Amino acid sequence: MAIYLNDVSRTFGEYLLIPGLTTKLCVPSNVSLRTPLVKHKAGEMPAFRLNIPFVSAIMQSVSGPELAIELARNGGISFIFGSQPIESQAEMVRKVKKFKSGFVVSDSNLTPEHRLADVLELIRKTGHSTIGVTDDGSPNGKLLGLVTSRDFRVEKDDLSMKVKYFMTPFDKLHTGKAGVTLTEANQVIWEHKLNTLPIIDGERNLLYFVFRKDYDNHRENPYELSGDDKTLLTGAGINTRDYKDRVPALIEAGADVLCIDSSDGYSEWQRETLLWIREQYGEGVRVGAGNVVDRDGFEYLADAGADFVKVGIGGGSICITREQKGIGRGQATALIDVARARDEYLERTGIYIPICSDGGLVHDYHMVLALAMGANFLMMGRYFARFDESPTKRLRIGNNYVKEYWGEGSNRAQNWQRYDMGGSEALKFEEGVDSYVPYAGKMKDNLSITLGKIKATMCSCGAITIDELQRLAKITLVSSTGIVEGGAHDVMLKEQT
């Protein structure tokens, strides 16, 4: 007969946090939200850590390059959606990696013999208005000059005019020498009130640009998530069908971490994908797997080599997997079970594998509950879909502005690989819906409010790190009447009178 589990499948809304001792150290300014992204040995530092415990969902309506850039600048990471051709996904990854603070390899270059029309076309193509003029038009040719938007007037200048007649020539440029530090380069920029400082070698070949805006951006975004090369970190989603072609392309494009995107990760397909990546790249390529909802699924993927494991089936706001297939588990119960398995795996092997809670978050305090229950970071779709930076359209419906938001299991996404059960059949029924979410404006403004709530709640629990929260938090079940008691009740709200 079937195996019956005695525990009730519960959601975050059925729990509350009990206050702990708030010491004088427990103030929001002391709270650190840094958390490991990938597995590591006990006592060692992970290869990648997040500065905030947020990652964006592997969805067409959420994780494009613009959101990936903005989330990385604020301390989290995006996983560029994989339900698209390999080439276009790789190009999205490249776009994120090109947006970097520090020494930038120029992707906009011309020769002195090019014309103003070529300048305008290059600006239109790349979106960059600083163009290096080199002897051969390459990123590392001999630097002869520089063109910016201040060097020409489109409405008056002849489009056939050659670059050599309006560029700023080399002898009028301030430059830095190879080996200069970023701090030294920024000092030159400030002293001479420059927007751009070309870095050249002893033969006057162009190596990099250092931009004033990158310094300003970093100062405004102290939690920016970047690598040693100053590029922003970004992830990318893969599937268990075309991974032998997709993974090499994404790695070549610069993806820092990958994640297998599937509604059900407890499968031999994911194991084969993980083993192939390990055979080809060893531990050098970081890849997460999932989704699972119990210890069996976690241990299976952990043993197969996953760098992190995603938890959650059917809890997303646009997911109807439970409704369609009767498969899933309450997100809180699933997370508690997997977190225990993760801790036991650490005791047994000495390897710590982070877990990602994916779905089921309705209120901001649910985020703290998820972290307290053992999640290292949270994957969210609806939360990020509301912002300017998400790739969907902003629409006006009645008196409200909304943004489109659809599930990867919907017919609109046509992402049958995510729900692939093997064989040759494609998606036969939907496991996601097409919907709208209220428009919320810029990510940064909303993120600061959410993070402020999380930090304040952690302080009430007596914790200033996620690790402390998981050790010290006290959590209680709440009754249905207790849930009602927790909101405004037995009064007439002014806006309703």
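**View 1. Elements that cover the buried residues of helix α8.** In this predicted model, the cover over the buried residues of α8 includes the helices α7 (268-281) and α10 (331-349) together with the strands β17 (286-292), β18 (309-311) and β20 (355-358). The residues covered in this way belong to a helix that runs over residues 295-304, and they are G297, F298, L301, A302 and A304. Because these residues cover an arc of only 160° around the axis, they are placed on the same side of α8.

**View 2. The residue that follows helix α8.** After α8 comes G305, a residue whose phi is positive, with a value near 110°. The buried residues of the helix itself include A302 and A304, as well as G297 further back in the sequence.

**View 3. The buried face of helix α6.** Helix α6 comprises residues 243-253, and its buried residues are Y243, R246, V247, L250 and A253. When the helix is viewed down its axis, these buried residues fall within an arc of 130°, so they line one face of α6. On the other side of the helix, D245 and E252 are exposed.

**View 4. Packing partners of helix α6.** The buried residues of α6 pack against two helices, α2 (86-98) and α7, and against two strands, β15 (235-238) and β16 (257-260). Helix α7 also appears among the elements that cover the buried residues of α8. The residue that follows α6 is G254, and its phi is positive, near 110°.

**View 5. The chain in which these close-ups are set.** The chain contains 15 helices and 25 strands. Its radius of gyration is 25 Å, close to the 23 Å that the globule rule gives for 497 residues, so the chain is as compact as a globular protein of that length. Along the principal axes, the C-alpha trace spans about 80 × 55 × 55 Å. Of the 497 residues, 50% are buried, and among the contacts between residues at least 6 apart in sequence, 65% join residues that are at least 24 apart.

**View 6. Surface and charge of the chain.** The accessible surface of the chain comes to about 23,900 Å², and carbon and sulfur atoms account for 51% of this area. The chain carries 59 positive and 65 negative side chains, and the centres of these two sets lie 5 Å apart.

How values were computed:
Residues numbered from 1 in each chain as written. Predicted model: local features only at pLDDT ≥ 70, side-chain atom pairs only at ≥ 80, totals over all residues. Heavy atoms only, no water. Helix = DSSP H or I, 4+ residues; strand = E, 2+ residues; numbered from the N terminus. Rg over C-alpha atoms; globule rule 2.2 N^0.38 Å. Buried < 20%, exposed > 50% of the residue type's maximum accessible area, 1.4 Å probe, protein only. Contact = heavy atoms within 4.5 Å. Areas by Shrake-Rupley, 256 points an atom, 1.4 Å probe, with all protein chains shown as cover. Lys, Arg positive; Asp, Glu negative; His and termini not counted. Charge placed at Lys NZ, Arg CZ, Asp CG, Glu CD. Arc of directions from axis to C-beta.
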